[in-house]
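The following exercises concern a predicted model. Attempt each task before reading its worked solution.

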Amino acid sequence: MRKPQIIDRSQDAHFMREALALASHGASLGEVPVGAVLVQNGEVIGRGFNCPITTFDPSAHAEMVAIRAAAAAVENYRLPGSTLYVTLEPCSMCAGLLVHARVNRVVFGATEPKAGIVQSRGKFFDQIFLNHRVLVEGGVLAEECSAVLSEFFKQRRAKT
């Protein structure tokens, strides 16, 4: 039996604010405003924001970009003991990536009712077939994260 992990939540809001800043940067480029930071031992080792439009890469979600940057920074495709902070609940692609990268914990802001696979459309990390368990914390700065997305889509609708 695994012993319960002690989780330090004291920095969650701080790192989520950094993810929000990245989301805003992405919005300024016309990307859907989602930001992510990957933290290990209290230090940011990877940052990302959605950029599939500007990079012509459908996999360039904020989580993917942050994890790729972190893996390159530490020169390891496995990121044990890390926490990913992301402004929006991960999709199925990103949830699978979190398992493969051995991320310890994901902290997200807003839920994603259409494609969020961590809480909204299913509980992916609870599947028995997974060989790695990712701890989940949702709703951190949820109102702020949701507001960034709402404002982006409001402005986009106004332009059309």
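**Exercise 1. Strand S4 and its partners**

Task: Determine how many residues of S4 are buried, and state whether S4 runs parallel or antiparallel to S3 and to S5.

Solution.
Step 1. Strand S4 is mostly covered, with six of its six residues buried.
Step 2. Strand S3 (residues 82-88) is joined to S4 by five bridges, and the two run parallel. Within this pairing, Leu 84 stands opposite Val 106 in S4.
Step 3. Between S3 and S4 the chain passes through helix H4 (residues 92-100), and the resulting β-α-β crossover is right-handed.
Step 4. S4 is also joined to S5 by four bridges, again in a parallel arrangement. Here Val 106 stands opposite Val 136 in S5.

**Exercise 2. The hairpin of S1 and S2**

Task: Describe how S1 and S2 are paired, and identify the residue of their hairpin that takes a positive phi.

Solution.
Step 1. Strand S1 (residues 35-40) and S2 run antiparallel and are joined by six bridges.
Step 2. One pair can be located exactly: Val 37 has Arg 47 in S2 as its bridge partner.
Step 3. Two residues lie between the strands of this hairpin, and Asn 41 takes a positive phi near 55 degrees.
Step 4. Strand S2 (residues 43-49) is mostly covered, since five of its seven residues are buried.

**Exercise 3. Asp 12 and Asn 131**

Task: Decide whether Asp 12 is buried or exposed, do likewise for Asn 131, and list the contacts that each makes beyond four places in sequence.

Solution.
Step 1. Asp 12 is located in helix H1, whereas Asn 131 belongs to the loop between strand S4 (105-110) and strand S5 (135-138).
Step 2. A residue is classed as buried under 20% relative accessible area and as exposed over 50%. Asp 12 has a value of 4% and is therefore buried. Asn 131 has a relative accessibility of 59% and therefore counts as exposed.
Step 3. Leaving out residues up to four places away in sequence, Asp 12 touches Tyr 85, Arg 105, Val 107, Glu 137 and Val 140. Under the matching condition, Asn 131 touches Val 99 and Arg 102.
Step 4. The C-alpha atoms of Asp 12 and Leu 84 are 10.0 Å apart, with their positions 72 residues apart along the chain. For Asn 131 and Ala 73, 58 residues apart along the chain, the C-alpha separation is 25 Å.

**Exercise 4. The largest nonpolar core**

Task: State which residues have the most contacts inside the largest nonpolar core, and which elements give two or more residues to it.

Solution.
Step 1. As background, nonpolar side chains in soluble globular proteins tend to be buried together.
Step 2. The largest nonpolar core has 45 residues, and Leu 84, Leu 98 and Phe 125 have the most contacts inside it.
Step 3. Two or more residues come from each of helix H1 (12-28), S1, S2, helix H3 (62-74), S3, H4, S4 and helix H5 (142-159).
Step 4. Apart from neighbours within four places in sequence, Leu 98 is in contact with Ile 67, Leu 84, Pro 90, Val 103, Val 106, Phe 125, His 132 and Val 134.

**Exercise 5. The largest pocket**

Task: Find which helix gives the most to the lining of the largest pocket.

Solution.
Step 1. The largest pocket holds about 510 Å³ of space.
Step 2. Its lining has 24 residues, of which Val 32, Val 34, Leu 88, Glu 112 and Leu 149 lie nearest the centre.
Step 3. Helix H2 (52-55) and H5 each supply at least two lining residues. H5 gives the most, with four residues.

Methods. Residues numbered from 1 in each chain as written. Predicted model: local features only at pLDDT ≥ 70, side-chain atom pairs only at ≥ 80, totals over all residues. Heavy atoms only, no water. Buried < 20%, exposed > 50% of the residue type's maximum accessible area, 1.4 Å probe, protein only. Pairing = 2+ DSSP bridges. Contact = heavy atoms within 4.5 Å. Right-handed = clockwise from strand over helix to strand, strands pointing away. Core = buried A, V, L, I, M, F, W, Y, C linked by side-chain atoms within 4.5 Å. 1 Å grid on protein atoms, 1.4 Å probe; cavity = no way out; pocket = protein on both sides within 12 Å on 5 of 7 lines; lining within 4 Å. Points joined across faces, edges and corners; volume = space filled by probe spheres on them.
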